[in-house]
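Colleague: I should be grateful for a close look at one part of this protein, chosen from its helices, with an account of how its residues are placed. Please continue to other local features where they help to build the picture.

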Amino acid sequence: MRRRAALSLLAAPLLLPRLAGAQAPWAPTRPISMVVPFPPGGPTDLAGRVVQNGMQAALGQPVVIDNRPGATGAIGSRFVAGQPGDGHTLLVAASGTLTINPVIMRNPGYDVERDFAPVTLVMTAPNMLVIHPSIPARAVQEVVAWMKTIPGGPAYASSGVGSSEQLGMELFKLLTGTEAVAVPFTGGPAAATAVIQNQAPIAVLNAATVGVHVASGALRGIAICGPTRFGQLPDVPTMAEQGLPDHVSGSWTAIVAPAATPAPILDRLNEVIVAALKTPEVTERLARVGFAVDATDRPTLARLIAADLARWRRVVRDARIDLI
């Protein structure tokens, strides 16, 4: 018996490090604020609200949507960048907030790579090259040939300076050696209407915005500007399928935290939000408005942010787009 007792005492210290290192997952101690840097009702606001209930149930604290619109998302983003990294304040960010504002604004007031830590991607929707049905073109190369017959290029409908749609059309021009003149409108729906009415016969616009018009025949969809075809319009081929693999543009929404947030908190938030996104209710709700759930791990989101920053920085430089 004395021998067994001695062996037990020798083994006990070996167990202590494992017991001491075991920690419960991080849990918030007060309500979590999900800052949306746009008004209520838009896609970025929706992205926050679809994970709200799942987060509350998993974390045991209320999750509050805090809309702080202004300056194309910059005001709310600056606010979150200045908050403590304790997991209680998050930013629901549109792709433009994280990857276009920093390259087109002279002073957005935040540095994406310095001020934010990725949590997860939430949802994506690709852009699509669309034309007025009267144009005699049904593929990318036919559109390019048509554009080159017009001195100075056709007018294209832009959803606004610094939008992924405007930069997507500028990227198309750079890759195909074509010209086109931007005609700005107040947002994607207004730009889509302009193409439908043939005020500006071509545009790169978000598929979630124009998909219904392509399906009805009011617009002709030429190419999806993403890696795969758009689920609602499976007959429209991608840019890559038509010889332009480098033409990638679209909109996505992600959740990020202040940069000082420790990894265990970020990992727990990723786990909870990804689980909330993968419920059938959330997937179906986003699909109804043209977005696909695209929950990711943190490194994948970091790579996406870096790739888009580099792409749009090159487009702004090479297309000589004036900073705002």
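Modeller: The account below begins with one helix and then turns to other local features.

The model is a predicted one, and what follows should be read in that light. The part chosen is helix α7, which spans residues 140–147. Its buried residues are Val140, Val143, Val144, Trp146 and Met147. Around the helix axis they cover an arc of only 160°, and this places them on the same side of α7. What do the buried residues of α7 pack against? Their partners are two strands that come later in the chain, β7 (202–206) and β8 (220–224), together with β4 (116–131) and helix α8 (164–176).

Among these partners, α8 merits its own description. The helix has 13 residues, and from its first C-alpha to its last it reaches 18 Å, close to the 18 Å expected at 1.5 Å a residue. Because 11 of its 13 residues are buried, α8 is largely enclosed by the rest of the structure. The buried residues include Leu167, Met169, Leu171 and Phe172, but also the charged residues Glu165, Glu170 and Lys173. After α8 comes Gly177, with a positive phi near 65°.

A positive phi also occurs at residues that are not glycine. Most residues other than glycine have a negative phi. Asn198 nevertheless has a positive phi of about 65°. Asn198 lies in the loop between α9 (188–196) and β7, and its relative accessibility of 36% makes it partly exposed. Arg320, likewise not a glycine, has a positive phi of about 55°. Arg320 belongs to the segment after α13 (298–318) and is exposed, with a relative accessible area of 74%.

The aromatic residues come next. How many aromatic pairs does a search of the whole structure find? The search finds 1. The pair is formed by Tyr110 and Phe116, whose ring centres are 5.9 Å apart and whose planes meet at 65°, so the arrangement is edge-to-face. Tyr110 is buried, at 6% relative accessibility, and Phe116 is buried as well, at 7%.

Other rings have a charge over them. The charged end of Arg68 sits over the ring of Phe79, 3.7 Å from the ring centre. Phe79 belongs to helix α3 (residues 74–81) and is partly exposed, at 27% relative accessibility. Leaving aside residues up to four places away in sequence, Phe79 touches Val35, Arg68 and Thr89. By contrast, its C-alpha atom is separated by 21 Å from that of Val51, 28 residues away along the chain. A further case involves Arg311, whose charged end sits over the ring of Trp312 at 5.8 Å from its centre.

One buried polar residue completes the account. Asn270 is located in helix α11 (residues 263–277) and is buried, with a relative accessible area of 13%. Which backbone atom does the side chain of Asn270 reach? The side chain extends to the backbone oxygen of Thr296, at 2.9 Å. Beyond residues up to four places away in sequence, Asn270 touches Val119 and Thr120, and also Thr296, Asp297 and Arg298.

Conventions. Residues numbered from 1 in each chain as written. Predicted model: local features only at pLDDT ≥ 70, side-chain atom pairs only at ≥ 80, totals over all residues. Heavy atoms only, no water. Phe/Tyr/Trp six-rings, centres within 6.5 Å; stacked < 30°, edge-to-face > 60°. Buried < 20%, exposed > 50% of the residue type's maximum accessible area, 1.4 Å probe, protein only. Lys NZ or Arg CZ within 6 Å of the ring centre and 35° of its normal. Helix = DSSP H or I, 4+ residues; strand = E, 2+ residues; numbered from the N terminus. Arc of directions from axis to C-beta. Contact = heavy atoms within 4.5 Å. Polar contact = N/O pair within 3.5 Å; in protein donor to acceptor, adjacent residues only side chain to side chain. Expected span 1.5 Å × (residues − 1).
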